[in-house]
Amino acid sequence: MSLSERGERVMMANYPPRQLGLVRGEGCWVWDEAGNRHLDLIAGIAVVTLGHGHPAPTRALVEQSAVLDHVSNLYWTEPAIALAERLCALAGMQRAFFCNSGAEANEAAIKLMRRHGHETGGAAKHRIVCLEGAFHGRTLGALQATWARPKKIPFEPLPAGFEHVPRDDPDALAAAIGPDTAGVLIEPIQGEGGVHVVPDAVLRAAREACDRHDALLVFDEVQTGIGRTGEWFAFQRTDVRPDAVALAKGLGSGLPIGALLSRELATGFQPGDHGTTYGGSPGITAGALAVLDAVEAEGLVANAQAMGERLERGLRALPGVVDVRGAGLLRAVELAAGDAAGVASALHGEGVLVNAVTESALRIAPPLVIDGDQVDLAVAALARVLAARG
Ligand SMILES: Cc1ncc(COP(=O)(O)O)c(C=O)c1O
């Protein structure tokens, strides 16, 4: 029986049908159960920073686990503190909280904003402003911060006090932020919404209005963080500094970790406010530290910038491509003919895995170790597919 037949019998039906069962990965390549090789331009949805099978994080995890595996947050442990120090230095932040996923990092962010609001303005200061097109995760708070209404309806009622404003309108955003706003949650580049770069003017308007009304500005960098956009963090592409940053995905390069970094806040979490059993466990944080080491040692932030530019140049030259959005190695290719799902499936036939992020756009988010030949191979495959479809 294939993985697909077995999976469809036993797994809950919460994911759309899967086309492939994968059994092995190395660098930017993965192999399916029939032995076919595919160029992986999805990377676990912007997760596998170092490529598949990189030895550093798993070695660090195994070595640390042999010394001290899990002891809970009743105790201090070296790897979590070292990771917090490192991330705070990279992001210009002062405090860290560790959890296990992107949604959890955003839940922590939502609670931090709410706590700040209660502390500075009482219970009325609880509103959280988000952008249309946003995706922040599937847990109830993160889902409510997410834009797409159809994803929410079966789970209502969701937490109150969230509102969404247009992505490209600084005035609308500034007008939505007032004395009862606890915080603003923004992806500097929206990932799941179709890889849309939020204009600097919107980020600046958010910063100014948050300062005016003593609200927290939080950037969700779950998808954009850890070098993906050609900077360690996408906000470093702008002149806007947030009060807190949510991370996950690329931080573990496949190990389950999320993080919320914040500047020093008088209204930050107090003992008992928040927590999670596994957050910051020694093995996983040692693995994440090894990811950061490898990103630095292998020059992957610069590689993401260089390969992203090469990819953009190649894609823009293709007939049938009307736009290329994003930065570094987080890109969307807008197709003149739409039917992104059909094009993704034809590319799959060419041995290249991409994801149809909207009806008319493909998302490309490969491991940050991708090289020039692999970028060119991907562009050539898309050229063949688009030419064949006329
Ligand atoms: C920007 C953003 N925030 C949050 C999440 C949720 O992360 P997770 O799936 O790890 O809960 C995602 C996942 O795609 C994301 O792209």
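## Strands β2, β3 and β15

In this predicted model, strand β3 and strand β15, which covers residues 352-353, run parallel and are joined by two bridges. Within this pairing, L39 stands opposite V352 of β15.

Strand β3, made up of residues 37-40, also pairs with strand β2, residues 29-32, and here the two strands run antiparallel and are held by three bridges. L39 appears again in this second pairing, since in β3 it is the bridge partner of W29. Strands β2 and β3 together form a hairpin in which four residues lie between them, and in the turn G35 has a positive phi of about 95°.

## The shell around the ligand

The ligand is surrounded by 13 residues, of which G102, A103, D220, Q223 and K249 come nearest. Sorted by class, this shell has three nonpolar, six polar and four charged residues. Among the elements of the fold, helix α5, which spans residues 102-121, gives the most to the shell, with three residues.

Several polar atoms of the protein can be placed against atoms of the ligand. On the backbone side, an N or O atom of G102 lies 2.8 Å from an oxygen atom of the ligand. On the side-chain side, a polar atom of D220 lies 2.7 Å from a nitrogen atom of the ligand, while a polar side-chain atom of K249 lies 3.2 Å from an oxygen atom of the ligand. The ligand taken alone exposes 390 Å², and the protein buries 81% of that area.

## Residue Q190 in strand β8

Q190 belongs to strand β8, which consists of residues 189-190. Because its relative accessibility is 1%, and residues under 20% are classed as buried, Q190 counts as buried.

Leaving aside residues up to four places away in sequence, Q190 touches L131, E132, G133, A134, R167, V195, H196 and V198. With one of these residues, E132, there is also a polar approach, in which a polar atom of the Q190 side chain lies 3.0 Å from the backbone oxygen of E132. The picture for Q190 is therefore that of a buried residue at 1% relative accessibility, with a side chain that has a polar atom 3.0 Å from the backbone oxygen of E132.

Note on methods. Residues numbered from 1 in each chain as written. Predicted model: local features only at pLDDT ≥ 70, side-chain atom pairs only at ≥ 80, totals over all residues. Heavy atoms only, no water. Buried < 20%, exposed > 50% of the residue type's maximum accessible area, 1.4 Å probe, protein only. Polar contact = N/O pair within 3.5 Å; in protein donor to acceptor, adjacent residues only side chain to side chain. Contact = heavy atoms within 4.5 Å. Near = heavy atom within 4 Å. Areas by Shrake-Rupley, 256 points an atom, 1.4 Å probe, with all protein chains shown as cover. Nonpolar A, V, L, I, M, F, W, Y, C, P; charged D, E, K, R; others polar. Pairing = 2+ DSSP bridges.
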